[in-house]
Amino acid sequence: MKSLNTYINEGLADWGDDNTLNKKLSKQTSKSAIKKEITDWVVNNADGRIYKNKLKFNFDTNPITIDYDGDIELNWKVESLTNGLFQWGNVSKTFSCSGTKITSLKGAPKKCVDFYCSGTDIESLEGC
């Protein structure tokens with residue numbers, strides 16, 4: 001059985017350079033399924049409690065942009081800041097990826113109060 005992430009990525013590969021990605025995305029896969037996949041990734045890869053109702057989804061961007069009203073602290077197992085389906089937008093408080101296995105800041109928040117990334121394997125500031 002394919003994961004939703006695999007299914008979406010295979011579908012995206014078929015669309016090429018079409019600028020109407022979000023319209024096709026909504027036809028191929030429901031927004032609620034995509035929101036669940038992203039929410040599950042955030043909940044499973046963050047330390048501390050994530051309040052699902054504080055995640056705000058913007059489907060008008062590519063990739064989807066997620067804002068969060070609170071702190072985000074990613075756990076040590078994380079190898080990237082997102083699962084590839086989204087990018088962080090505004091995090092209203094602290095965003096921390098300290099002590100993780102990340103090598104890139106791709107998908108990093110556009111805005112947050114404090115940003116911590118010490119003790120990582122970051123090789124580039126690309127995406128910052």
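**Entry 1: salt bridges**

I searched the whole structure, which is a predicted model, and the search returned one salt bridge. I then looked up the partners and found that D40 pairs with K36, with 2.6 Å between the closest N and O atoms. I noted that side chains of opposite charge can pair when their charged atoms come close.

**Entry 2: where the pair sits**

I traced both residues to helix α3, which covers residues 31–45, and saw that K36 and D40 are four residues apart, about one turn of the helix. Next I asked myself whether K36 is buried or exposed. I recorded K36 as exposed because its relative accessible area is 51%, and exposed means over 50%. For D40 I wrote down partly exposed, since its relative accessible area of 28% falls between the cut-offs of 20% and 50%.

**Entry 3: Q87**

I turned to Q87 and located this residue in strand β5, which runs over residues 86–96. I entered Q87 as buried, because its relative accessibility is 17% and buried means under 20%.

Which side chain makes a polar contact with the side chain of Q87? I found that of K110, at 3.4 Å. I also noted that a polar atom of the Q87 side chain lies 3.5 Å from the backbone oxygen of P63.

Finally I listed the residues in contact with Q87, leaving aside its neighbours within four places in sequence, and the list reads T61, P63, I64, T65, I66, T82, G107 and K110. I marked P63 and K110 in that list, having already met P63 through its backbone oxygen and K110 through its side chain.

Key:
Residues numbered from 1 in each chain as written. Predicted model: local features only at pLDDT ≥ 70, side-chain atom pairs only at ≥ 80, totals over all residues. Heavy atoms only, no water. Helix = DSSP H or I, 4+ residues; strand = E, 2+ residues; numbered from the N terminus. Buried < 20%, exposed > 50% of the residue type's maximum accessible area, 1.4 Å probe, protein only. Polar contact = N/O pair within 3.5 Å; in protein donor to acceptor, adjacent residues only side chain to side chain. Contact = heavy atoms within 4.5 Å. Salt bridge = Lys/Arg side-chain N within 4 Å of Asp/Glu carboxyl O.
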